[in-house]
Every structure is written in structure tokens, then in C-alpha cells.
Amino acid sequence: MKEKLIAIIAEYLGKDASEIEADATFEDLGLDSLDIAELVMQIEDELSVTIELNAELNNIDKLVEYIENQG
Amino acid sequence: MSFRILGTGSALPATTVSNEDLTKFLDTSDEWIRTRTGITERHVMNDEESLLTLATAACQNALEMAQTAPEEIELIVCTTLAGDYTSPALSCLIAKELGLSDRVITMDTNMGCCGFEYGLQIAHAYFASGMISKKAIVVSAEGLSRHADWTDRATCCLFGDASGAVVLEAAPDRKVDFDWTVSGNADILNITRHADNSPWNSYDGKGVLHMNGQEVFKFAVSSINARICAVLEKNGLAPDDIAKFFLHQANIRIINSAIHKMGVAPEKFPHNIERLGNTSSATIPVLLDETVRAGGIQRGDKIVLCAFGAGLASIACLLEY
């Protein structure tokens with residue numbers, strides 16, 4: 001799951017997956033609120049999940065935990 | 001009976017407000033606004049202007065292009081979040097200013113940013129029923145500067161004021177079709193009502209716009225794709241058959257994301273949000289007028305108009321220009 005999310009975000013940013021830290025905030029990765037919304041839509045499509053955005057979901061680790069808790 | 005667009009018109013307030021102007025009273029910057037919205041300036045009404053003056057000018061431009069006399073108009077639908085008065089309807093006042101017949105059918109409708117397409121749908125129903133048989137006007141007139149929260153830097157920079165209009169003529173063989181949805185959600189995008197002076201309630205809210213930008217973004221991008229695909233599929237058409245797609249101008253990031261999702265050439269999506277911001281239901285008729293006057297579409301072209309907004313509502317309209 002984490003690798004998949006890192007791959008999606010790396011592709012969006014045009015970076016190598018090794019450059020993406022899962023505990024870095026989205027803001028530190030250079031993503032603004034609409035980038036996050038666009039990425040979440042892509043993640044929802046690819047993983048068949050529904051993600052309700054909130055300020056707490058601010059890095060990859062927290063997003064992974066949120067999706068896994070959805071069951 | 002169906003219809004065709006005979007003429008288009010638009011009108012903008014004289015005052016232009018740049019992003020730099022906003023920095024004088026908001027903690028923001030030109031770079032922040034441009035990168036997140038694509039907007040560099042917007043027009044706002046001053047004391048000498050009103051929705052009535054803007055809408056009248058837009059209609060007069062459309063009537064002139066359509067070479068139509070005011071007395072030929074049988075129906076005028078005005079789409080607006082709120083007219084100059086709560087009552088009477090703005091359409092009644094526009095009808096008088098234009099010199100329309102006192103038997104003209106007038107109505108205002110508020111479907112937020114989807115208003116213009118719902119207005120076309122109402123006109124379509126009047127033509128189809130035979131209640132009108134010649135010509136109609138659909139005019140969108142919006143004063144978002146009256147509804148924006150000018151203390152909220154995240155949203156107020158998005159909006160502007162404008163009016164756009166079309167003159168429609170009955171046409172038996174023209175393709176017109178719609179696809180739409182509504183969910184009844186007021187949480188992620190709304191304009192609250194103003195406090196009143198009723199002795200029996202204590203509501204003291206301000207009539208300003210509230211928006212969850214991320215959720216609106218998700219709704220907008222998915223809706224554009226879904227509505228356009230649906231209206232094309234219903235009519236056995238593909239994106240290649242469409243000359244231009246006119247999307248509601250809410251944010252250049254929404255437009256770009258939708259284009260990417262649809263995989264259609266960006267050249268087919270005219271935009272003017274850079275100069276005008278989001279003017280709610282007026283964005284599409286103004287953009288249509290600018291495109292027509294620049295020769296961007298030709299008679300016989302199939303076009304799609306697609307809007308999304310408060311409701312939450314979304315609608316696509318397939319037309320043969």
C-alpha cells in the first residue's frame with residue numbers, strides 16, 4: 001500500500017520514488033491543497049477506496065493508516 | 001421544436017481588481033493566487049452599476065448580433081444567485097429596460113453556477129411544448145462581489161461580476177440535449193442568508209460564501225468527466241465530434257485536471273478565468289460570447305457546455321451552434 005501511494009505521488013511530482021519520504025508532510029513535498037485533492041481522486045480510483053480529506057491527513061504514513069482502517 | 005443560438009452578448013463592470021490590489025487588505029500574494037487558481041484579475045460592480053445594467057447591456061449585445069427586435073422575444077429566463085432585489089425578479093426589470101412586450105414570460109432561476117444551462121433547459125422545454133414558437137432570451141447576471149467573504153483570503157480572490165446572454169430561435173432540426181445530477185448537499189459550498197429583523201428568530205449570520213475547496217475540486221473534476229461522457233454517449237458522439245467544450249470557469253486547476261482526465265486536446269477548451277475569475281452562472285455565456293466574436297466556433301459546430309456548483313449540481317448541455 002505505502003509503496004503504491006509513494007509511486008503515485010512520485011509520478012505526479014515527476015520524481016523518483018526514492019526521493020519521497022513517507023513521513024514528510026505533503027506541503028514539504030511541494031503539494032498544495034488542490035494537488036492533494038487531485039492525488040486523492042487518483043488514489044480513490046486506483047485503490048477503489050473513498051477518502052474524506054481533512055487537515056490531519058498530511059503525510060503518506062497517515063494516509064496509509066486511514067485507508068487500512070477503512071478495512 | 002428545438003432551438004438554436006441566434007446571438008450572444010456579454011457585459012462586464014468597469015472596475016478591474018488585480019491580485020496586487022487584493023494584497024492591500026488581505027494577507028495574500030499574486031503568486032499564491034495565480035498558482036492556485038490561474039486568476040490574475042476580476043471585474044467588480046461599483047456604485048453606478050447593478051445586475052440590471054449589466055444584464056441589460058449583455059442582452060442588447062445579443063439582440064444586436066441576432067438582428068432581433070425586442071418585441072419578438074416571448075420568454076426571458078434570468079439566472080442569478082440573487083437579483084438586485086429579492087423581489088421583483090430581475091427578469092421583470094430587464095424586460096422593461098429592453099422594451100420587451102408586456103406579455104413576455106419572465107422568470108428568475110437560481111441553480112448556482114449551473115444556472116445558465118438550467119436556463120437553456122427551461123427555454124428548451126418552452127419551445128418543445130409549443131408555449132413559445134419564435135424567440136427567447138437566457139441571460140445570466142451575477143454579482144459575486146456581493147456574496148464573497150472579503151475577509152477570507154482562500155475564497156474571495158476567486159470571484160468576480162459579469163453578465164452573459166443568448167438569444168435563442170426556434171429551430172426544428174437542431175440537436176439539443178442535457179445530462180444532469182443534483183445531490184442536495186449544502187455542506188461543502190453554500191451562501192448563507194443575511195440576518196433579518198424578525199422578532200421571532202435570533203439568526204444573525206452574514207450572507208457570505210463558504211466553500212471546502214478540496215471537496216469542490218473533487219466534485220468538479222469528476223462531474224465534468226461524468227456529465228460530458230453521459231451526454232455524448234446518449235447521442236452516439238465522441239469528443240472528436242465536438243468543436244469546443246465550454247466549462248464553468250471556477251479554477252484553472254479544475255479545468256486542467258478535467259482535460260487531463262478526459263484525454264481531450266486542451267485547444268478544445270477555451271478559458272477566460274485568468275481575466276474574469278469565477279462569475280458563477282455567467283462564466284459560460286460570457287466565454288461563449290467571447291469565443292463566437294473571435295470566430296472560435298462556426299455554424300453547425302457541435303459544442304458542449306458543462307457546469308458544476310452549489311446543489312451540489314452538475315449539468316452538461318449538447319448544442320448544435
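In chain B of this predicted model, 77% of the contacts between residues at least 6 apart in sequence join residues at least 24 apart. The secondary structure of chain B comprises nine helices and 13 strands. The C-alpha trace of chain B extends over about 55 × 50 × 35 Å along its principal axes. For 321 residues, a compact globule would be expected to have a radius of gyration near 20 Å, and the 19 Å found for chain B agrees with this expectation. Of the 321 residues in chain B, 49% are buried.

Helix α2 of chain B covers residues 30–37, and its buried residues are Ile33(B), Arg36(B) and Thr37(B). Viewed down the axis of α2(B), these buried residues lie within an arc of 80° and therefore line one face of the helix. This arrangement may be set beside the geometry of helices in general: an α-helix has 3.6 residues a turn, so residues three or four places apart point the same way. The buried residues of α2(B) pack against α1 (19–22) and α7 (252–262) of chain B, and also against α2 (33–47) of chain A. After α2(B) comes Gly38(B), which has a positive phi, near 85°.

The contact between the chains involves eight residues from chain A and ten residues from chain B. On the side of chain B that touches chain A, the elements giving two or more residues are α6 (213–234) and α7 of chain B. The greatest contribution to this side comes from α6(B), with seven residues. By character, the residues on the side of chain B that touches chain A comprise four charged, four polar and two nonpolar.

Asn201(B) is located in the loop between β9 (189–191) and β10 (209–211) of chain B. With 9 other C-beta atoms within 10 Å, Asn201(B) is exposed, since 12 or fewer such atoms define an exposed residue. The C-alpha atom of Asn201(B) is separated by 25 Å from that of Ala148(B), a residue 53 residues apart from Asn201(B) along the chain.

In chain A, the average pLDDT is 88, and 99% of the residues score at least 70. Among the elements of this chain, α2(A) has the highest mean pLDDT (90), whereas helix α3 (residues 60–69) has the lowest (88). Helix α1 of chain A (residues 2–13) contains twelve residues, which at 1.5 Å a residue should span 16 Å; the C-alpha atoms at its ends are 16 Å apart, in agreement. Gly14(A), just after α1(A), adopts a positive phi of about 70°.

Conventions:
Residues are numbered from 1 along each chain as its sequence is written. Chains are lettered from A and ligands numbered from 1 in the order in which they are written. This is a predicted model: local features need pLDDT of at least 70, side-chain atom pairs count only at pLDDT 80 or more; totals for chains, interfaces and linings use all residues. A residue is buried if 20 or more other C-beta atoms lie within 10 Å of its own, exposed if 12 or fewer, and partly exposed in between; C-beta atoms are placed from the backbone. Helices (H or I, at least four residues) and strands (E, at least two) are DSSP runs, numbered from the N terminus. The arc is that of the directions from the helix axis to the C-beta atoms. Two residues are in contact if their C-beta atoms, placed from the backbone, lie within 7 Å. pLDDT is the predictor's confidence in each residue, from 0 to 100. The expected span of a helix is 1.5 Å times one less than its number of residues. Ala, Val, Leu, Ile, Met, Phe, Trp, Tyr, Cys and Pro count as nonpolar, Asp, Glu, Lys and Arg as charged, and the others, Gly among them, as polar. The radius of gyration is taken over C-alpha atoms; the globule rule is 2.2 Å times the number of residues to the power 0.38.
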